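This briefing is meant for a reader who is meeting the structure for the first time. Please look over the sequence and the model before going on to the notes.

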Amino acid sequence: MSCSTCQENWFWKKIGRCMRCVYQLTGLSLLSMAIWWLVFRDTPKSIESIALLCAFVAFTGLLMLHLWMRWVVIPLRTRQRK
């Protein structure tokens, strides 16, 4: 990643500050769910289907953490400093 936020080493300093990460996670979540729905919904117990669902859950969970930090935690921290 090329932005200065993403080049930092500590996870909690990065999360919620980079919109490029949010866009990528949104795209990956939508893409993985669309592929699962179109290809694997008939066989939900196959290894490929379960792996794709796990990837979807991971992408969506990280996206929710980004959005939570961006819209709840970071604004609360800035309000407390003022």
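The notes below begin with the overall architecture and then turn to particular helices and residues.

The model is a predicted one, and it shows a protein with three helices and zero strands, so that the order of its elements, read from the N terminus, is α-α-α. Of the 82 residues in the protein, 26% are buried, and among contacts with a separation of 6 or more, 54% are made by residues 24 or more positions apart.

**Annotated segments**

- In an unreviewed entry, UniProt lists residues 21-38 and residues 50-73 under the heading "transmembrane region".
- The model shows residues 21-38 as 100% helix and 0% strand, with the C-alpha atoms at the two ends of this segment lying 26 Å apart.
- Residues 50-73 are likewise 100% helix and 0% strand in the model, and here the end C-alpha atoms are separated by 32 Å.

**Helix 3**

- Helix 3 covers residues 47-81, and because a rise of 1.5 Å a residue gives its 35 residues an expected span of 51 Å, the distance of 49 Å between its end C-alpha atoms agrees with that expectation.
- At Met69 helix 3 bends by about 40°, and Met69 is also one of the buried residues of this helix.
- The other buried residues of helix 3 include Ser49, Leu52, Leu63 and His66, as well as Leu67, Val73 and Ile74.
- The partners against which the buried residues of helix 3 pack are helix 1 (11-14) and helix 2 (19-40).

**Ser29 and Leu28 in helix 2**

- Ser29 belongs to helix 2, and it counts as buried because its relative accessibility of 6% falls under the 20% cut-off.
- When neighbours within four places in sequence are left aside, the residues in contact with Ser29 are Phe56, Phe59, Thr60 and Leu63, and Leu63 is itself listed among the buried residues of helix 3.
- Leu28 is also found in helix 2, but with a relative accessible area of 37% it is partly exposed, because that value lies between the limits of 20% and 50%.
- Although Leu28 and Phe56 are 28 residues apart in sequence, their C-alpha atoms are 7.7 Å apart in space.

**The aromatic pair**

- The protein has one aromatic pair by the ring-centre rule, and this pair, made by Trp36 and Trp37, is tilted because the planes of the rings stand at 45°, with the ring centres 6.3 Å apart.
- A relative accessible area of 12% makes Trp36 buried, whereas Trp37, with a relative accessible area of 47%, is partly exposed.

**Cysteines**

- A disulfide is a covalent bond between the sulfur atoms of two cysteines.
- Searching the whole structure for such bonds gives zero disulfides.
- Cys21 counts as buried at 14% relative accessibility, while Cys54 has a relative accessible area of 49% and is therefore partly exposed.

Note on methods
Residues numbered from 1 in each chain as written. Predicted model: local features only at pLDDT ≥ 70, side-chain atom pairs only at ≥ 80, totals over all residues. Heavy atoms only, no water. Phe/Tyr/Trp six-rings, centres within 6.5 Å; stacked < 30°, edge-to-face > 60°. Buried < 20%, exposed > 50% of the residue type's maximum accessible area, 1.4 Å probe, protein only. UniProt positions renumbered as here; feature names shortened; annotations may be inferred. Helix = DSSP H or I, 4+ residues; strand = E, 2+ residues; numbered from the N terminus. Expected span 1.5 Å × (residues − 1). Bend = angle between axes of the 7 residues up to and from the residue. Contact = heavy atoms within 4.5 Å. Disulfide = S-S within 2.5 Å.
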